[in-house]
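Colleague: Before I rely on any label attached to this chain, I would like to hear what each one rests on. Could you take me through the terms and the values behind them?

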Amino acid sequence: MDGPFKYKIVKPDSSIAGYVESFWEIRTPSGEPKNIIVLPDGRIDIIFSYSDTEPFRAVLLGLETEASQTLMQSGRTMFAVSLRLLAVEYLLEASVSSLLNGGRLLPEGFWNIAKEDLSDFDAFCNKLTGKIQSLIKTLPDNRKLRLFDQIYTSNGTLTVKELSEKAGWSSRQMNRYFSHQFGLPLKTYCNILRFRASFKHLKEGKLFPEQDFADQAHFIRDVKKFSGVLPKELSQNKNDRFIQFSTLNKK
C-alpha cells in the first residue's frame with residue numbers, strides 16, 4: 001500500500017522494452033473519493049479503468065507539463081501501460097501533440113481489452129505484450145534510438161546540444177520532431193525527466209538538487225514550475241496529495 005492506493009508495477013518483456021516503460025495497476029478502496037495532484041513524469045499512458053460510479057473505459061493520456069488535480073473515484077480499478085515516446089510513432093502511428101496536458105477516450109475494444117481483462121493483472125500484461133509485439137512492424141530510425149537512449153539514461157540532464165552531437169541529429173530537426181509528435185520542445189521534455197528523478201529525492205527529504213541543476217535557484221524554479229509548490233512543501237506531501245505514478249513504491 002502506498003497512501004490510499006494498492007499499487008503494482010511490472011517491467012515489460014525485453015522484446016518491447018524500447019516502447020514500453022511499465023505495466024501497472026492501481027486499486028482504490030470503496031468509500032469517499034480522494035482529490036490528488038498528479039505530477040508530470042514524461043510518460044504516455046493508456047489507462048483501462050472502471051469504478052463504483054464509472055463504467056469501463058480506455059483513455060490515452062498525452063504528456064503533462066504541469067501538475068493536474070484529479071479525483072480518484074471510490075472502488076476504482078486501473079490497469080495501464082506506460083509508453084516510452086518511441087511508441088507514439090511506431091505503435092500508435094499518430095501524433096499526440098494535441099493531447100498535451102490532456103487526453104482522449106479510446107474506442108471500445110481498443111487493443112482487444114475489455115472490462116473482464118481487469119480481473120487478472122498478470123494475464124492483462126501477457127495479453128498486451130502479445131498485442132504490442134504484433135504492432136512492431138519496422139525498426140526505429142537509428143538517430144531516434146540514440147536520442148532516446150541518451151535522454152532516458154541521463155534522466156534528462158544532457159543539453160540539447162549534447163544530445164544532438166550524440167544522436168547525430170541537428171537540434172532544429174529534433175525540436176521539430178518533438179513539437180510535431182509530442183507537442184513540446186525537447187528541452188522541456190528533458191526538464192520533466194530531471195524533475196521526475198528529483199521527486200524521488202524530495203520524497204526522501206533531500207531539498208538540494210542531485211540532478212545537475214545549474215544552482216539551487218534553478219532547482220526551486222523547476223520544482224515550482226512542474227508541481228506548483230516549493231520543494232519543502234512537495235517533500236512534506238501532507239495527506240499524500242502529490243502523486244507521481246512512476247515513483248510510487250513498487251509493491
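Modeller: What follows goes through the labels in turn, with the value and the definition behind each.

Modeller: This is a predicted model, in which local features need pLDDT of at least 70 and side-chain atom pairs count only at pLDDT 80 or more, while totals for chains, interfaces and linings use all residues. Residues are numbered from 1 along each chain as its sequence is written, and side-chain values use heavy atoms, with hydrogens and water left out.

Colleague: What makes the chain agree with a compact globule?

Modeller: The radius of gyration is taken over C-alpha atoms, and the globule rule is 2.2 Å times the number of residues to the power 0.38. For 251 residues that rule gives a value near 18 Å, and the chain has 18 Å, so the two agree. The C-alpha trace spans about 50 × 45 × 30 Å along its principal axes.

Colleague: How many helices and strands does the secondary structure come to?

Modeller: There are eight helices and nine strands, where helices (H or I, at least four residues) and strands (E, at least two) are DSSP runs numbered from the N terminus.

Colleague: Why are Arg-43 and Glu-21 called a salt bridge?

Modeller: A salt bridge is a side-chain nitrogen of Lys or Arg within 4 Å of a carboxyl oxygen of Asp or Glu. The N to O distance between Arg-43 and Glu-21 is 3.3 Å, so the pair satisfies that definition. Arg-43 lies in the loop between β3 (34–38) and β4 (44–50) and Glu-21 in strand β2 (residues 20–27), so the bridge ties together parts that are 22 residues apart in sequence.

Colleague: What other salt bridge does Arg-43 make with its side chain?

Modeller: Arg-43 also meets Asp-45, at 3.9 Å from N to O. Both pairs belong to a network of salt bridges that links Glu-21, Asp-41, Arg-43, Asp-45 and Arg-196, and by this rule the count comes to 10 salt bridges.

Colleague: Are Arg-43, Glu-21 and Asp-45 buried or exposed?

Modeller: Buried means under 20% relative accessible area, exposed over 50%, and partly exposed in between (1.4 Å probe, protein chains only). Arg-43 has 3%, Glu-21 has 10% and Asp-45 has 8%, so each of these residues counts as buried. Of the 251 residues of the chain, 49% count as buried.

Colleague: Why is Lys-127 called partly exposed?

Modeller: Its relative accessibility is 34%, so Lys-127 falls in the range between the two limits. The side chain of Lys-127 meets Asp-117 in a salt bridge of 3.2 Å, N to O. That pair links distant parts of the chain, with Lys-127 in helix α2 (residues 121–135) and Asp-117 in the loop between β8 (103–105) and α2, 10 residues apart.

Colleague: How do you know that Ile-132 is buried, and which residues is Ile-132 in contact with?

Modeller: Ile-132, which lies in helix α2, has a relative accessible area of 0%, so the residue counts as buried. Contact means heavy atoms within 4.5 Å, and, leaving aside neighbours within four places in sequence, Ile-132 is in contact with Ile-16, Val-20, Val-81, Leu-91 and Trp-111.

Colleague: What is the relative accessible area of Lys-144?

Modeller: The value is 9%, so Lys-144, too, is called buried. Lys-144 has its place in helix α3 (residues 142–153) and, not counting residues up to four places away in sequence, touches Leu-86, Glu-89, Tyr-90, Trp-169 and Tyr-177.
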